Amino acid sequence: MSAVVDTHGHDGHGHDAHGGGYHGAGGIMRWVTTTNHKDIGTLYLWFSFIMFMTGGAMAMAIRLELFSPGIQFFNPDLFNQFTTMHGLIMLFGAIMPAFVGFANWQIPIMIGAPDMAFARLNNWSFWLLPFAATLLVMSFFTPGGAPGVGWTLYAPLTVQMGMGMDLTIFAVHLLGMSSILGSINIITTILNMRAPGMTMMRLPLFVWTWLITAYLLVAAMPVLAGAVTMTLTDRHFGTSFFNAAGGGDPVLYQHIFWFFGHPEVYIIALPAFGVVSQVLPAFSRKPLFGYASMVYATSAIAILSFIVWAHHMYTVGMPVQGQLFFMYATTLIAIPTGVKVFNWVATMWKGSLTFETPMLFAIGFLFLFTLGGFTGLMLSLVPIDIQLHDTYYVVAHFHYVMVAGALFAAFAGVYFWFPKWTGKMYDETLGQWHFWLTMIFFNMIFFVQHFLGLAGMPRRIPDYPLIFETWNKISSIGAFGFGLTQLLFLYIILKAIRSGEKAPQKPWEGADSLEWTHLPTPVPYHSFETPPVLK
Amino acid sequence: MEHGASTTTRQAHYHVPQPMPWPIMGSFSLFCMALGSVILFNGASAGWTGIALGFMVLLYMMFRWFGDVIRESEGGKYGRWEDLSFRWGMSWFIFSEVMFFAGFFGALFWARVMSVPDLASLEHNTYLWPNFTSHWPSAGPGFEEKFSPMGAWGLPALNTVLLLSSGVTITLAHWGLIANQRGKLLFWQGMTILLGVLFLICQAVEYAHAYSDLNLKLTTGAYGTTFFMLTGFHGFHVTCGAIMLTVIWFRCLSGHFKPEHHFAFEGVAWYWHFVDVVWLGLFIFVYWL
Amino acid sequence: MKSSKPARSIATWSLAILGIAYSGLALALALEWNLQPAGSKLAADIHWLHEAVMVLCTAIFVGVFGFMFWACYAHRKSKGHKAAQFHENTTVEILWTVIPAVILVGIAWPTTRVLVEQKDTSNPDITIKVTGYQWKWGYDYVKGEGEGISFISTLSTPRDQIEGKAPKGEHYLVEVDNELVVPMGKKIRILTTAADVIHSWWMPAFGAKQDAVPGFIRDLWFRPEKTGTFRSQCVELCGKEHGFMPIVVKVVSQEEYGKWVGAQMKMIAASADDPNKFFALDELKKRGEQVYAKNCVVCHQATGKGTPPAFPPLDGSKMVLGPKDAQIVAVLNGVMKNGAPTAMAAFGKQLNDVEMAAVITFTRNNWGNKVGGADGLVQPGEVKVLRDKK
Ligand code: HEA
Ligand code: HEA
Ligand code: CUA
Ligand SMILES: [Cu+2]
């Protein structure tokens, strides 16, 4: 749902009179010093792709080791390190920066703003990331290696780790700082930089989901910073936050971590919801169904997400009242999420549908994310979770919501906006291959992991009893296929940048937000120096 | 707040600043400090080099970055529209700080309400920690030395008075600024800084007292841990606040700010009030109850 | 749209491949793919709950995506479908908020019942304390028949099988030297705790899982209704060998249980080490080698070289070659660094004085270490003195 817009503003508001191009330093210094939201968005997206490859390479290592029972390639220590870094890098390095990249590119041009509210701070938010990533990856090369404790960094195992743990802690500090600064910027931009007439209830849904995500980030990231700081002082300065002998409690760490960690999973999911809410109406040629209820549902998810954290801790030994509270609260999230799913389906209903790559990924998202949501609901029921906690069922659940959810949505977004960003079209046939191969291999990796979990295979193990062999083999083959398919994605992007066809201003018939209706393709370097006029 | 700055109050152009190298310099400095700390914590004093280098780069970067911002501000680049952005930005930043402290308060409440009583329960007495009884302050069942808790009504009460009055003095300074009375502004702003510094001195004395007389240390179980981490982080924030106040004082001295345009001053004042409120929480839950 | 042609052929191909893949899977369904057979009523209840909720979710899923795929089929532009422009309908919005809420209440009801039952650990027949160590389980029968029995349960799969130098046995990775033995039909309460980091004790056949948190006691219960051997693994990441600390429970008839307890009691009486005895060097070394193999090799390795820097070598270690008291204290109480415990846990609770003396003597006189003399030989009495000091 975007604003109704007066259409005689098309040919670029005379930006071209300003030259439209870039006037700062040249070469690499352009990227280092830039204050332009599009440059910074591009940086975020490339960074995220590099981290996706890095985290993916570790996933390949994990699947390689799990191809057969026995220790083949990596010793158990290294395996744990891969698992830990795979999780951290995928979440903090790949998915989150990808969506911040979208936010940077899209929010100003969707709300008719000249740039982000704090353009310099924006540069800093990005340039903290490569340094944080360096610290993370560096930890592999320190004595003792990277921490092998899982991305959740549970105490007191963290206290036993070597200096790689400290590098990881500081990396998390920097990543958190980046997220907090970035989010403050996004919130301020959305609240203060809208073009006249762009009221809150006319914001494209992508912008809404980001507003709420940014709020989650500002509230949750400092708590994570606190948790890892406590870990640091327990490690080096003899504090007793997580040490029973001193009156502390290892479970305290988990409460603090998951107070951050559960909102974190919606930080991953909400921007994905936003992208899908732009793509589905565009290819259904029909306005988003239930715009207002989408906004309310998203807010409800955000609020609920702060009172359900202990569903990750059903087995730590909470009193039954606590378990019941967290169980009821968690199941409630199914209601607003359901509203969103129903609204999306209703958007497609009686539309005029076409199935270009962005639409395919959006439908793939809808189908598989919902499946992952249902396994989440199963896990939220305490007696069932007591059987399934820390098994591959959980691994299957969260890859359904994060890979088929967030990652698919990110692919949808890239294909959707790529023409706008670069002025070039990608190769539609290859794009469709990318989708179908991704879809098949994804299910091959993760659907069978439900069976593994049910049958009792614990997560985070480098070796397993023989009964689990067949499913693991299938899963691993799927993983290699999935990995290779992502090389195809890289090829599609590079090919399109180099030799893609020229894209029209509005390549998608049904797209109707500001960036399509008001800006030429590709978007000029400075877009809305004077605000667009909206009716 | 439907429209941010409404159409009538905002100018046509928003100030989008020029490219500059300070942010990446800031990242680099943090990277050096992080690396230095890791090396230091793992037993090599060479880590200090990294920390010192990082800190110097950080200072330089702040001088230059803030210098640019101040120049732009005094050069009239910021109108009401930008001003509103700053207000939103500062508010959300303070909110993030509140959440940071919330984590540590959470740890305090957890130890007091959950873990210590739990460790003293019948089952725990039978199988793990014989004779441990629940009380607060407690350093946990494995802690054998004797220590005394920090009382509330000596220095800490004085500190409460100091900080609360500094909240008043900064408001007086603000009134001075609005009324364009520079003398009043400088005097009360100076008083605020003085009170802040006094607070820090008292806290240092209190820490020394804790270590030498009470045998209360960072390593004194859950009590020592929460006591020093909470008051320590607060003290760190007071230090930052005092430095910010000082910078603003010098800016006031050199004639910056106008009665109707002085967000830098207000932002620091907000921060100072936030630090104040956190202290109240500390005084009640760490010292008093 | 010009893309619809490749779209259709790719889609057809892909669906065909998917179909083949999944019919292959269907054939493989003889494999383990569902929850393990229940060995207790509680587990059966949980399985029922799981099945019921899964069927319900599947039904909703099929319903919702029935609509979506119908739209994909019938409302295609290529079929000439024109887009409707409706985008709001308060009635359906209310319906699809309220109906899920009602369904959730329906699910919550039986779930709460099972949960309350699951948490009721009162009035057990036998209470067993389970301690997680890196990386083995300690079992102490603390109440009920068998009280006083205490043993450590470690992975018994040989290293060769893990490293692929020998064919893997049937119970690869889920076999132990000492199984936990319990009688059928009795309410067993397990107290979990840990010595170093968090572990988690799980027995899927009984629907029982509980983290073992260092310094805290937590509990769970089960009442086995079938005899037999039930297998599982530690399910909380606890460091390097997390994948190698299995849990095996042997459920026997009441009668057999009585016999087992009797035999255990006799063994305890017979093998009680006499801490006041003086041992010869060779005697201690031999005993020490066994203790070392069982407790220390995972970290310090059979070669004594460790895997530095995570696990330091004992071969040539300053402490091992130095005065013996320091080493006795280190192994008894564990090694602390900056006031925090390291992976070198306190072995005082796991090893008695004789075992302690033996293993320390062994490390001092093995590999390249040749301490000899008074510092080379540790007698149980010396351990006892240092143990009591603490
Ligand atoms: C994008 C990320 C994402 C999202 C969106 C979710 C969504 C949900 N998750 Fe998930 N989760 C993770 C990421 C995510 N999760 C991760 C990373 C972990 C593991 C962390 C770790 O340990 O490493 C995890 C683990 C996890 C656990 C802990 C498991 C364990 O360790 O034992 C639980 C338990 O309650 C849970 C529940 C849920 C629920 C109820 C939802 C709900 O939001 C889902 C709601 C959606 C639906 C239910 C489907 C659509 C609804 C309808 C069509 C309406 C009709 C439906 C009904 C009436 C039922 N998740
Ligand atoms: C959004 C986040 C995200 C994403 C995208 C992924 C993507 C993948 N994950 Fe994910 N995973 C997590 C988040 C994510 N994961 C988290 C949080 C955990 C928990 C960690 C913990 O327990 O602490 C986890 C844990 C986890 C496990 C469990 C490990 C364990 O318990 O020990 C496994 C095992 O199969 C796995 C597999 C995969 C695979 C195969 C992919 C694939 O989708 C990846 C595909 C991508 C590529 C492969 C990269 C691109 C291609 C190349 C680099 C070319 C080279 C390719 C070849 C040579 C084939 N992951
Ligand atoms: Cu013990 Cu995992
Ligand atoms: Cu969660």
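**A tour around ligand 1 and the copper ion**

Start by selecting A:His397: one of its polar side-chain atoms sits 2.9 Å from a nitrogen atom of ligand 1. Keep in mind as you go that this is a predicted model.

Next, add A:Arg459, where a polar side-chain atom comes to 2.8 Å from an oxygen atom of ligand 1. Then show the backbone of A:Ser380, which has an N or O atom 3.3 Å from an oxygen atom of the ligand.

Now switch on the cartoon for chain A. Helices H8 (250-284), H11 (334-348), H12 (357-380) and H14 (392-422) each give two or more residues to the shell around ligand 1. Colour H12(A) separately, as its eight residues are the largest share of that shell.

Widen the selection to the whole shell and you should have 32 residues, with A:Trp151, A:Tyr266, A:Asp385, A:His389 and A:His397 the closest. Colouring by class gives 19 nonpolar, eleven polar and two charged residues. Bring chain C into view as well, since ligand 1 lies between chains A and C.

From the iron atom of ligand 1, move 4.6 Å to the copper ion (ligand 4). Which residues are the protein donors of this copper ion? Select A:His262 (ND1), A:His311 (NE2) and A:His312 (NE2), which lie 1.8 to 2.1 Å from the metal. Along the sequence, these donor residues follow the spacing H-x48-H-H.

Finish with a surface on the protein and look at two of the donors. A:His311 counts as buried because its relative accessible area is 12%, under the 20% cut-off. A:His312, at 22%, is partly exposed.

Conventions. Residues are numbered from 1 along each chain as its sequence is written. Chains are lettered from A and ligands numbered from 1 in the order in which they are written. This is a predicted model: local features need pLDDT of at least 70, side-chain atom pairs count only at pLDDT 80 or more; totals for chains, interfaces and linings use all residues. Side-chain values use heavy atoms; hydrogens and water are left out. Donors are N, O and S atoms within 2.8 Å of the metal (3.2 Å for Na, K and Ca); water is not among the atoms, so sites may look incomplete. Buried means under 20% relative accessible area, exposed over 50%, partly exposed in between (1.4 Å probe, protein chains only). A residue is near a molecule or strand if one of its heavy atoms lies within 4 Å of it. A polar contact is a pair of N or O atoms within 3.5 Å; within protein, one must be able to donate a hydrogen and the other to accept it, and residues adjacent in sequence count only if both atoms are side-chain atoms. Helices (H or I, at least four residues) and strands (E, at least two) are DSSP runs, numbered from the N terminus. Ala, Val, Leu, Ile, Met, Phe, Trp, Tyr, Cys and Pro count as nonpolar, Asp, Glu, Lys and Arg as charged, and the others, Gly among them, as polar.
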